[in-house]
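This report goes through selected features of one protein chain, from a helix and its surroundings to two helix pairs and two loop residues. The sequence and structure are shown first.

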Amino acid sequence: MLPKVTLVITGASSGFGEAFARRLAELSKAHGCEDGTQLVLIARSEDKLQALAAEIRSEYGCDVQVWPCDLSSASARAELTERLSALKGEVMWLINNAGLGDYGEFVSSLPERNRSMIEVNMAAPVELTRALLPEMLKAEKGYIINVASLAADLAIPDFAMYAACKAFVASFSEALRLELSGTEVHVTAVCPGPVHTNFGEVARRTGKSKKEVPFRKWFYTSVPKVVEDALDAVAANRPRCYPSLKIRMAGLFVRVAPLWLLRLIMSTRPRKAVPAE
């Protein structure tokens, strides 16, 4: 008998989250285990989640649950973690994908925006992981994917809060993985570079336009490529995934370059947030 698989995905209404949901449902059907697969889709937009859930049910035959939640709200997260704690499955997946960014100098940042970034990017993955981890260990099979960023390895002007949040996610993932060594619960941090999603539009402040950085387009990776590489990394039980060869090369350079050189590169980097014309 095929095991019952429960997949929890945050930020599932668009971008990586939506792509993870579709791909995992597709793989479930390809392996003939769609009847035992339950997807739990989490995001703020209930309408988008319901539309995605209907498509997945129709096309792949999986059980799809829609749990709308504003992850920036501590009270909403408390209700969510209580529901998550009751989930069961012989194989448990948690994909902490929801993210929030903010382009612009820190001195002009909005305190409420900064708090929301901390709640969504840092508090939510910690609390959701804590809620599901006991059941994962009880089931003796679990996978945790934390979507970090190449920014986790850099201090980026105009993106200071986001990069710092992702550094936390990457470090948390590494430490948790070490704690779980010897168990069948595996943790992978996914560190993509620039990707065409609606993240940039949401992160851009009112009255600012995006200034193109030279060679930036060369670094873009497609959403399907990020998801496929991430799932390959999970299958190989790798601690980190830098999707695509170019991002792996960039990640390797950042990790081996001396700090003074990284500071010089970041200090001379073209600034991204400029007044809108």
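## Helix 8 and its surroundings

In this predicted model, the buried residues of helix 8 are V223, V226, V227, D229, A230, L231, A233 and V234. Their cover includes two helices, helix 1 (15-30) and helix 9 (245-256). It also includes strand 4 (91-96), strand 5 (142-147), strand 6 (185-190) and strand 8 (240-241).

Helix 8 runs over residues 223-235, which is 13 residues. From its first C-alpha to its last it reaches 19 Å, close to the 18 Å expected at 1.5 Å a residue. At the N-terminal end, S222 acts as a cap, with a side-chain oxygen 3.2 Å from the backbone nitrogen of K225. Just after the helix, N237 has a positive phi of about 55 degrees.

## The chain as a whole

The chain contains ten helices and nine strands. Of its 277 residues, 50% are buried. When contacts between residues at least 6 apart in sequence are considered, 77% of them join residues at least 24 apart.

## Helix 4 and its two partners

Helix 3 (residues 74-85) packs against helix 4 (residues 111-139) at an angle of about 30 degrees, and their axes are 8 Å apart. Because angles under 35 degrees count as roughly parallel, helix 3 is roughly parallel to helix 4. Their crossing is right-handed. Helix 3 contributes R77, L80, T81, L84 and S85 to the contact. From helix 4 come E119, A123, A124, E127, L128, A131 and L132.

Helix 4 also pairs with helix 5 (residues 160-179): the two axes come within 9 Å and cross at roughly 15 degrees. Helix 4 is therefore roughly parallel to helix 5. The crossing of helix 4 and helix 5 is right-handed. On the helix 4 side, the residues that meet helix 5 are N114, M117, I118, N121, M122, P125, V126, T129 and L133. Their counterparts in helix 5 are M161, Y162, C165, F168, V169, F172 and L176.

## N97, between strand 4 and helix 4

N97 sits in the loop between strand 4 and helix 4. Is N97 buried or exposed? Its relative accessibility is 9%, so N97 counts as buried; the cut-off for buried is under 20%.

A polar atom of the N97 side chain lies 3.1 Å from the backbone oxygen of G11. With neighbours within four places in sequence left aside, N97 is in contact with T10, G11, F16, G17 and V147. G11 thus appears both in the polar pair and among the contacts of N97.

## S244, between strand 8 and helix 9

S244 lies in the loop that links strand 8 and helix 9. The relative accessible area of S244 is 6%, so this residue is buried.

Which residues does S244 contact, leaving aside its neighbours within four places in sequence? They are T221, K225 and D229. T221 is 23 residues away along the chain, yet the C-alpha atoms of S244 and T221 are separated by 6.9 Å. The other two lead back to helix 8: the backbone nitrogen of K225 pairs with the S222 cap, and D229 is one of the buried residues of that helix.

Notes: Residues numbered from 1 in each chain as written. Predicted model: local features only at pLDDT ≥ 70, side-chain atom pairs only at ≥ 80, totals over all residues. Heavy atoms only, no water. Helix = DSSP H or I, 4+ residues; strand = E, 2+ residues; numbered from the N terminus. Expected span 1.5 Å × (residues − 1). Buried < 20%, exposed > 50% of the residue type's maximum accessible area, 1.4 Å probe, protein only. Contact = heavy atoms within 4.5 Å. Polar contact = N/O pair within 3.5 Å; in protein donor to acceptor, adjacent residues only side chain to side chain. Axes fitted to C-alpha atoms, helices over the stretch in contact; angles between N-to-C directions. Parallel < 35°, antiparallel > 145°, perpendicular 65-115°, else oblique. Left-handed = near helix turned anticlockwise from the far one by under 90°.
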